[in-house]
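Here's a set of exercises to work through with the model open beside you. Try each task before you read its solution.

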Amino acid sequence: VHDTLRGRVSAKQGHLVLGGLRQYLHTMINAKRIIILGCGTSWHAGLVAEYIFEEFARIPVEVEYASEFRYRNPVIYEGDVVIAISQSGETADTLAAIELAKSKGAIIFGVCNVVGSSIPRVTHEGAYTHAGPEIGVASTKAFTAQVTVLSMMAVMIAYRKGTIKETRFREMLVEFEQLPDKIEKALQLDQQIQYIAEQIKDADNALFLGRGYNFPVALEGALKLKEISYIHAEGYPAAEMKHGPIALIDEAMPVVFIATQDSSYEKIISNIREVKARHGKVIAVVTEGDAEIRHMADHVLEVPAAHEALMPIIAVIPLQLLSYHIAVMRGCNVDQPRNLAKSVTV
Ligand code: F1P
């Protein structure tokens with residue numbers, strides 16, 4: 001995906017990446033709803049996809065943990081489209097959820113990383129993320145690649161469905177094209193992130209907050225910190241803070257905001273104010289050149305501007321690096337965290 005985006009992405013090349021979509025494009029375009037299934041990081045990628053599919057393609061989307069879906073009695077209609085997301089392609093819960101949906105007549109589309117794994121073999125069609133092997137157990141580049149592929153699917157379906165016009169489609173292609181360079185820039189934050197990691201590495205808890213497209217990024221940032229550094233972390237939609245988590249905030253609580261300039265920017269600024277008023281330590285991922293949050297937050301991490309729908313692909317990078325450095329400083333094995341398996345096959 002990275003290589004394809006590096007070259008010129010034309011509608012034709014887009015078709016190549018999403019070759020598997022061709023046969024089921026009409027099914028997707030006409031779908032009454034899409035059910036997205038996954039576990040862990042893959043579920044978070046599904047949440048980002050929900051936002052972009054609904055906004056661009058105007059198709060109702062439900063996102064559910066495969067581990068929950070498989071054990072309840074969900075309503076599945078013949079012709080429902082299920083998108084199953086998995087890095088390993090071996091997750092037992094996702095496989096079981098696919099079998100259940102398939103038995104009720106759903107069309108299953110897989111988004112997997114490992115070529116030839118079990119999930120692509122039981123789906124009707126799919127797209128590989130081609131992120132390369134995940135060396136560590138915790139998914140990182142797989143998330144970036146999953147969200148990229150799902151976003152490309154949503155934009156392409158929206159265009160073919162007519163819910164976005166040619167100009168918007170072209171604008172999005174340029175946005176995709178620019179992603180690799182923006183990701184490179186986000187990776188250059190490494191030294192600054194090391195410094196921040198040093199300041200918060202001894203925390204017992206951390207909170208991650210975001211709105212809109214950045215809400216799933218907050219969930220993913222919290223999951224990465226839990227998985228590899230064993231710090232208890234919670235991700236929340238920032239607007240939910242006042243419904244409970246605000247009680248946790250004091251000077252010992254690092255609060256990571258994903259506060260890039262998008263349609264909820266003003267709202268997230270007031271959330272940052274609320275945390276600062278309670279002496280929380282604010283680390284904010286902001287858009288390059290942001291002048292306002294700089295004066296409020298304890299630390300800011302500037303990432304390049306992008307369309308808000310694609311911001312998760314960039315904004316997650318500093319959070320992955322933050323977890324990585326904290327884990328290393330705490331002496332944790334980042335590649336093989338305790339109790340976690342690369343493929344959860346039972
Ligand atoms: C799902 C997952 C990963 C997580 C860990 C355990 O795997 O929850 O997101 O990082 O490796 O499994 P998958 O279905 O995406 O392979």
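## Exercise 1: the first sheet

Five strands make up an open sheet, in the order β2-β1-β3-β4-β5, and their pairing is parallel. Keep in mind that you're looking at a predicted model.

**Task.** Work out which strands stand at the edges, then find which helix packs on the sheet and touches β1, β3 and β4.

**Solution.**

1. Start with the edges: β2 and β5 each have a single partner strand, so one side of each has no neighbour in the sheet.
2. Now check the twist. On average, and ignoring direction, neighbouring strands here are turned by 20 degrees against each other.
3. The helix is α6, residues 92-103, which packs on the sheet and touches β1, β3 (81-86) and β4 (107-112). The direction of α6 makes about 170 degrees with that of β3.
4. To zoom in on one pairing, take β1 (residues 34-38), which runs parallel to β2 and is joined to it by five bridges. Gly38 has Tyr65 in β2 as its bridge partner.

## Exercise 2: the second sheet

**Task.** Do the same for the open sheet with the order β7-β6-β8-β9-β10, and say which helices lie across or pack on β8, β9 and β10.

**Solution.**

1. This sheet has five strands with parallel pairing.
2. At its edges stand β7 (232-237) and β10 (299-303); each has a single partner strand, so one side of each is left open in the sheet, with no neighbour.
3. The average turn between neighbouring strands, direction ignored, is 15 degrees.
4. Inside the sheet, β6 (residues 205-210) and β8 (residues 254-258) run parallel and are joined by four bridges. Here Gly210 stands opposite Ile258 in β8.
5. One helix to pick out is α13 (residues 311-329), which packs on the sheet and touches β8, β9 and β10. Its direction makes about 140 degrees with that of β10.
6. Another is α10 (residues 190-200), which lies across β8, β9 (281-287) and β10 and runs at about 150 degrees to β10.

## Exercise 3: a helix and what comes before and after

**Task.** Is α8 largely enclosed by the rest of the structure or largely exposed? Then look at Ser139 and Gly162 on either side.

**Solution.**

1. Get the length: α8 covers residues 141-161, so count 21 residues given the helix assignment. From its first C-alpha to its last, α8 reaches 30 Å, close to the 30 Å expected at 1.5 Å a residue.
2. Next, burial. Of the 21 residues of α8, 19 are buried, so the helix is largely enclosed by the rest of the structure.
3. Just after α8 comes Gly162, with a positive phi of about 90 degrees.
4. Ser139 sits in the loop between β5 and α8. The cut-off for buried is 20 or more other C-beta atoms within 10 Å, and Ser139 has 27 such neighbours, so Ser139 counts as buried.
5. Leaving out residues up to four places away in sequence, Ser139 touches Gly40, Thr41, Gln87 and Glu134.
6. Finally, put the two together: Ser139 and Gly162 are 23 residues apart in sequence, and their C-alpha atoms are 34 Å apart in space.

## Exercise 4: positive phi outside glycine

**Task.** What are the phi values of Arg58 and His130, and where do these residues sit?

**Solution.**

1. Recall the background: most residues other than glycine have a negative phi.
2. Arg58 has a positive phi, near 55 degrees. You'll find Arg58 in the loop between α4 (41-57) and β2 (61-65).
3. With 13 other C-beta atoms within 10 Å, Arg58 is partly exposed.
4. His130 has a positive phi too, near 50 degrees, and lies in the loop between β5 (125-128) and α8.
5. His130 is partly exposed, with 14 other C-beta atoms within 10 Å.

## Exercise 5: the ligand shell and a buried valine

**Task.** How many residues surround the ligand, and what does Val275 contact?

**Solution.**

1. The ligand is surrounded by 16 residues, the closest being Gly40, Thr41, Ser86, Ser88 and Thr91.
2. Sorted by type, the shell has five nonpolar, ten polar and one charged.
3. Val275 belongs to helix α12 (residues 265-277) and counts as buried, with 24 C-beta neighbours inside 10 Å.
4. Beyond its neighbours within four places in sequence, Val275 contacts Ile249, Val255, Gly280 and Val282.
5. Ile246 is 29 residues from Val275 along the chain, with 7.7 Å between their C-alpha atoms.

Definitions and conventions
Residues are numbered from 1 along each chain as its sequence is written. This is a predicted model: local features need pLDDT of at least 70, side-chain atom pairs count only at pLDDT 80 or more; totals for chains, interfaces and linings use all residues. Helices (H or I, at least four residues) and strands (E, at least two) are DSSP runs, numbered from the N terminus. The expected span of a helix is 1.5 Å times one less than its number of residues. A residue is buried if 20 or more other C-beta atoms lie within 10 Å of its own, exposed if 12 or fewer, and partly exposed in between; C-beta atoms are placed from the backbone. A residue is near a molecule or strand if its C-beta atom, placed from the backbone, lies within 6 Å of it. Ala, Val, Leu, Ile, Met, Phe, Trp, Tyr, Cys and Pro count as nonpolar, Asp, Glu, Lys and Arg as charged, and the others, Gly among them, as polar. Two strands pair if DSSP finds at least two bridges between them. Axes are lines fitted to C-alpha atoms, for helices over the stretch in contact, and angles run from 0 to 180 degrees between N-to-C directions. Two residues are in contact if their C-beta atoms, placed from the backbone, lie within 7 Å.
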